[in-house]
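Here's a quick walk through a structure, written for someone who likes to have the coordinates open alongside. Have a look first, then read on.

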Protein chains: 2
Amino acid sequence: MIDIAILGLLEDHDLHGYELRKRLGDLPGWRPTVSFGSLYPALARLERTGLVKAVTHVTSATPAAPMSGSLAGELAAFRAHRRSTTKESRGSRGKKVYGITEEGEARLHELLRAPEVVDDREFAIRLAFCHHLDRAERLALFRARRDQLLARREQQRRGSRPDSRLNTYLRSLLERDTETIAGDLAWLDRLIDAEQAAIDASDPDLGGQR
Amino acid sequence: MIDIAILGLLEDHDLHGYELRKRLGDLPGWRPTVSFGSLYPALARLERTGLVKAVTHVTSATPAAPMSGSLAGELAAFRAHRRSTTKESRGSRGKKVYGITEEGEARLHELLRAPEVVDDREFAIRLAFCHHLDRAERLALFRARRDQLLARREQQRRGSRPDSRLNTYLRSLLERDTETIAGDLAWLDRLIDAEQAAIDASDPDLGGQR
DNA sequence: GGTCGATATATCAATTCGATATGTGTCGTC
DNA sequence: GACGACACATATCGAATTGATATATCGACC
């Protein structure tokens with residue numbers, strides 16, 4: 001989940017964790033922003049699997065970072081190292097700037113393209129970065145989401161047949177939910193139409209096939 | 001989170017895990033339903049802390065459940081026991097029916113009343129069971145949610161000042177988000193008005209104070 | 001007799017969150 | 001120029017949640 005967002009943001013600029021967190025907060029899907037407990041382990045995982053790499057920009061004092069070696073060790077070793085080499089490491093706790101690798105770019109594309117649309121948050125994140133897809137792939141994503149919302153609406157209709165048993169507040173909530181789904185569908189249909197129009201315009205001979 | 005929903009459902013009827021899961025699926029907040037990995041550990045936790053208790057209804061074959069003792073033991077012991085007493089336990093794997101305790105009812109009320117509204121899912125769950133609150137408490141819940149949505153709208157406005165930098169899809173998503181928040185606020189205001197009207201009607205001498 | 005799908009409980013690894021610890025850089029202010 | 005408050009920055013921990021998987025019984029249908 002968070003992988004898409006991290007890779008998507010790094011595709012544009014190299015960024016360090018803290019900055020990444022702020023930008024993630026501007027995206028829908030995290031309220032109000034990602035926790036550090038998600039972000040840093042995720043970055044470590046992505047680095048371990050070679051999808052991102054550190055461009056260890058240690059600020060000011062020590063331009064060519066000397067402490068990247070201690071990263072492999074565990075906390076105690078790290079601290080001990082830092083304490084024993086206080087003079088060298090004076091001047092900030094190495095701000096780690098990350099960049100995306102070629103494998104990372106491939107993985108991002110693969111994650112965006114994957115056919116199964118799972119939850120609302122994931123769709124939002126994928127949509128936020130879907131400009132990396134081509135038009136046909138984008139259309140497939142939109143339509144998969146549309147099917148999902150349709151199914152949700154259907155399920156709701158089945159569930160609320162004898163809805164007089166429900167309390168007022170739950171009924172009201174369910175009604176609002178229906179309203180939101182209807183709104184989402186209308187919005188999605190506008191996106192789909194726009195995308196289809198763009199395809200027709202760039203490829204007029206296929207216009208009759210939709 | 002899941003505690004509110006479990007306690008809220010058990011407040012109406014005694015239920016076993018599987019049935020609980022199905023009813024949870026009818027509530028908004030879980031898509032399409034809770035996972036077993038959430039439900040059963042949560043039930044175990046609630047039982048351990050005395051908020052719910054098992055009324056071990058072992059179906060058909062052995063009406064007065066003889067294997068409640070093995071529950072305390074671990075998996076292997078349980079299986080060994082079951083295998084060695086196959087004849088007795090023939091006819092279903094002891095369906096555990098849970099009921100709410102007095103402590104559970106107190107806890108439910110406390111959870112519903114708590115002033116901090118955290119995320120959307122939690123508000124939905126609380127709303128679904130807020131008929132257990134009195135009108136003033138309910139109104140406080142609604143207003144807290146309202147403040148939260150207002151803050152969200154404000155944050156969005158600040159964030160999207162120079163929004164021409166965003167790609168089309170993200171911009172569209174953000175617009176739809178704004179629309180949804182506006183709709184939620186309008187809906188909430190209707191709920192608040194209705195609640196206030198009910199308070200005024202039942203307590204006319206306080207009508208001027210709002 | 002066999003197997004499919006619903007009922008039912010339980011556990012596991014991985015992910016995420018909220019809280020917390022720790023340290024640096026930069027104001028303002030006294 | 002010393003002090004504290006606050007933004008910047010990385011990291012870890014425990015607990016909750018998810019999705020997958022294992023196990024077992026039941027009724028129905030062929």
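What follows covers the two copies, their contact, the sheets and the helix packing.

## How the two copies relate

Keep in mind that this is a predicted model. Laying chain B on chain A takes a turn of 180 degrees and a shift of 0.0 Å along the axis, and the fit comes out at an RMSD of 0.1 Å. The two copies are thus related as by a two-fold rotation axis.

Which residue of chain B comes closest to the rotation axis? That's B:Thr180, with its C-alpha at 3.5 Å. Both copies use the same surface, too: 100% of the contact residues of chain B turn up again in chain A.

## The contact between the chains

Each side of the contact can be counted up: 22 residues come from chain B and 22 residues from chain A. On the chain B side, the elements giving two or more residues are α7 (120-128) and α9 (168-202). Of these, α9(B) gives the most, with eleven residues. Sorted by class, the side of chain B that touches chain A is made of ten nonpolar, six polar and six charged residues.

## The sheet in chain A

Chain A has an open sheet of three strands, ordered β1-β3-β2 and paired antiparallel. At its edges sit β1 (15-16) and β2 (52-54), each pairing on one side only. Two bridges join β1(A) to β3(A) (residues 97-100) in the antiparallel sense, and here A:His16 stands opposite A:Val97.

Helix α1 of chain A (residues 2-12) packs on this sheet and touches β1, β2 and β3 of chain A. Its direction makes about 90 degrees with that of β3(A).

## The sheet in chain B

In chain B there's an open sheet of three strands with the order β1-β3-β2 and antiparallel pairing. The edge positions go to β1 (15-16) and β2 (52-54) of chain B; each has a single partner strand, so one side of each is left without a neighbour in the sheet.

Looking at the β2(B) edge, three bridges tie it to β3(B) (residues 97-100), again antiparallel. What is the bridge partner of B:Lys53 in β3(B)? It's B:Gly99. Helix α3 of chain B (residues 36-48) lies across β2 and β3 of chain B, and runs at about 100 degrees to β2(B).

## Helix packing: α1 with α6

Two packed helices are described by the angle between their axes and the distance between the axes. In chain A, α1(A) and α6(A) (residues 102-113) pack at an angle of about 130 degrees, with their axes 10 Å apart. That makes α1(A) oblique to α6(A). The crossing of this chain A pair is left-handed. From α1(A), the residues in the contact are A:Asp3, A:Ile4, A:Leu7, A:Gly8 and A:Glu11; they meet A:Gly104, A:Glu105, A:Arg107, A:Leu108, A:Leu111 and A:Leu112 in α6(A). That contact divides into five nonpolar, two polar and four charged residues.

Over in chain B, the axes of α1(B) (residues 2-12) and α6(B) (residues 102-113) come within 10 Å and cross at roughly 130 degrees. That makes α1(B) oblique to α6(B), and their crossing is left-handed. Among the residues that meet are B:Ile4 and B:Leu7 on the α1(B) side, with B:Leu108 and B:Leu111 on the α6(B) side. By class, this contact has five nonpolar, two polar and four charged residues.

Note on methods:
Residues are numbered from 1 along each chain as its sequence is written. Chains are lettered from A and ligands numbered from 1 in the order in which they are written. This is a predicted model: local features need pLDDT of at least 70, side-chain atom pairs count only at pLDDT 80 or more; totals for chains, interfaces and linings use all residues. Axes are lines fitted to C-alpha atoms, for helices over the stretch in contact, and angles run from 0 to 180 degrees between N-to-C directions. Helices (H or I, at least four residues) and strands (E, at least two) are DSSP runs, numbered from the N terminus. Angles under 35 degrees count as roughly parallel, over 145 as roughly antiparallel, 65 to 115 as roughly perpendicular and the rest as oblique. A crossing is left-handed if the near helix is turned anticlockwise from the far one by less than a right angle, and right-handed if clockwise. Two residues are in contact if their C-beta atoms, placed from the backbone, lie within 7 Å. Ala, Val, Leu, Ile, Met, Phe, Trp, Tyr, Cys and Pro count as nonpolar, Asp, Glu, Lys and Arg as charged, and the others, Gly among them, as polar. Two strands pair if DSSP finds at least two bridges between them. Copies are superposed by least squares on the C-alpha atoms of residues with pLDDT of at least 70 in both.
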